[in-house]
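Student: Before I look at this model, could you help me understand how the terms used for a structure are tied to cut-offs? I would like to ask why each name is given and have you check the value with me.

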Amino acid sequence: MKVDFVIGGTQKGGTSALDSFLRQHPHICMPADLKEVHFFDREEMFRDNKPDYQKYHAHFRPEPQHRAIGEASPIYMYWNNAPNRIWSYRPDMKWILILRNPVDRAYSAWNMESQRGADPLSFEEAIAHETERCRETLPLQHRVFSYTDRGFYTPQIRRLFNIFGPEKCHIILNDDLQERHAETLEAIFAFLGVENSIKLTEQRVFEHDYAQPLDPNLRSRLIEMFYFDVRELERMLGRDLSEWYTSKSKRSA
């Protein structure tokens, strides 16, 4: 067996919701024991460039009716070493990417890390010290404190296009999953080559309110930080992303 697709990004973009929806499809096999396998972003798995793919495959229990095998590890899009490793494993791997307003994504990621006790700093302090904190793990990326760095989507997507080709990358927005739910899932099923007329149980994409809203002044500074990357992403995807740099976005997990 080989895995056919990965939900490779982005963290806090809606990957948990999409994982839960795909698990309902009778022809899709997802990991049996966990959501995020984290195989291709683990340096210890690739020592001496001899990965043990049996360890990877052990997470899956495909049955005869399954037509596509996949997993959701949203760091794959961001982790520098992951795309080439995935190409070596399967050059025709299919990628599903869910993009979210990078300002909201960063704030959501900080809230998650703050609530679990991994980051004692305020969001504003975390952003101010992100570069120096992320130096701790060089030459690798920081798994926790990379709040804004993960939100520069254009170079990450360009890398995937260069390695796998645009036709192997299905890119949606977080809003697509919320506002055009059935249509978005139908397109994903078609991309994966499984029956796309399957009707799943209606669910709401995971949302929550934060204990404290993002400071408007800090939001404005972050919008300015991401502005040129978002405009380049608009050109790359052929989509209007003006809401990301002209207005407040909706709250979602």
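Tutor: Let us start with the polar contact, which is a pair of N or O atoms within 3.5 Å; within protein, one atom must be able to donate a hydrogen and the other to accept it, and residues adjacent in sequence count only if both atoms are side-chain atoms. Please keep in mind that this is a predicted model, in which local features need pLDDT of at least 70 and side-chain atom pairs count only at pLDDT 80 or more, while totals for chains, interfaces and linings use all residues. Residues are numbered from 1 along each chain as its sequence is written, and side-chain values use heavy atoms, with hydrogens and water left out.

Student: How far from the backbone oxygen of L177 is a polar atom of the side chain of H181?

Tutor: The two atoms are 3.2 Å apart, and the limit for a polar contact is 3.5 Å, so the distance part of the rule is met.

Student: What makes H181 part of a helix, and why is H181 called buried or exposed?

Tutor: Helices are DSSP runs of H or I with at least four residues, strands are runs of E with at least two, and both are numbered from the N terminus. H181 belongs to helix α9, which covers residues 181-192. As for the second part, buried means under 20% relative accessible area, exposed means over 50%, and partly exposed lies in between (1.4 Å probe, protein chains only). The relative accessible area of H181 is 13%, so H181 is buried.

Student: Why is the pair of R90 and D92 called a salt bridge?

Tutor: A salt bridge is a side-chain nitrogen of Lys or Arg within 4 Å of a carboxyl oxygen of Asp or Glu. In this pair the closest N and O atoms are 2.7 Å apart, so the pair satisfies the definition. D92 has a relative accessible area of 36%, and therefore counts as partly exposed. Counted by this rule, the model has 16 salt bridges.

Student: What do D104 and R219 show about where salt bridge partners can sit?

Tutor: Their side chains meet in a salt bridge at 2.9 Å, N to O. This pair links distant parts of the chain, with D104 in helix α4 (residues 102-115) and R219 in helix α10 (residues 216-237), 115 residues apart. Both D104 and R219 are buried.

Student: Which residues are joined in a network with D176 and R180?

Tutor: R180 and D176 form a salt bridge whose closest N and O atoms are 2.4 Å apart. D176 is at 5% relative accessibility and so counts as buried, whereas R180, at 32%, is partly exposed. Salt bridges with shared partners join D176, E179, R180 and R239 into one network.

Student: How do you know which residues belong to a nonpolar core, and how many does the largest one have?

Tutor: A nonpolar core is a set of buried Ala, Val, Leu, Ile, Met, Phe, Trp, Tyr and Cys residues joined through side-chain atoms within 4.5 Å. The largest such core has 53 residues, and those with the most contacts inside it include F40, W95 and F123. Among the elements that each supply at least two residues of this core are α3 (82-89), β4 (94-99) and α7 (153-164). The largest share, seven residues, comes from α10.

Student: What is special about the peptide bond between G9 and T10?

Tutor: That bond is cis, with omega at about -5°, and T10 is found in the loop between β1 (5-9) and α1. Another cis peptide bond joins L138 and P139, with omega at about 10°, and P139 is in the loop between α6 (130-134) and α7. As a general background, most residues other than glycine have a negative phi, and most peptide bonds are trans.

Student: Which phi values do K12 and H38 have?

Tutor: K12 has a positive phi of about 60° although it is not a glycine, and K12 is placed in the loop between β1 and α1. The phi of H38 is also positive, near 55°, and H38 lies in the loop between β2 and α2 (53-57). H38 has 17% relative accessibility, so H38 counts as buried.
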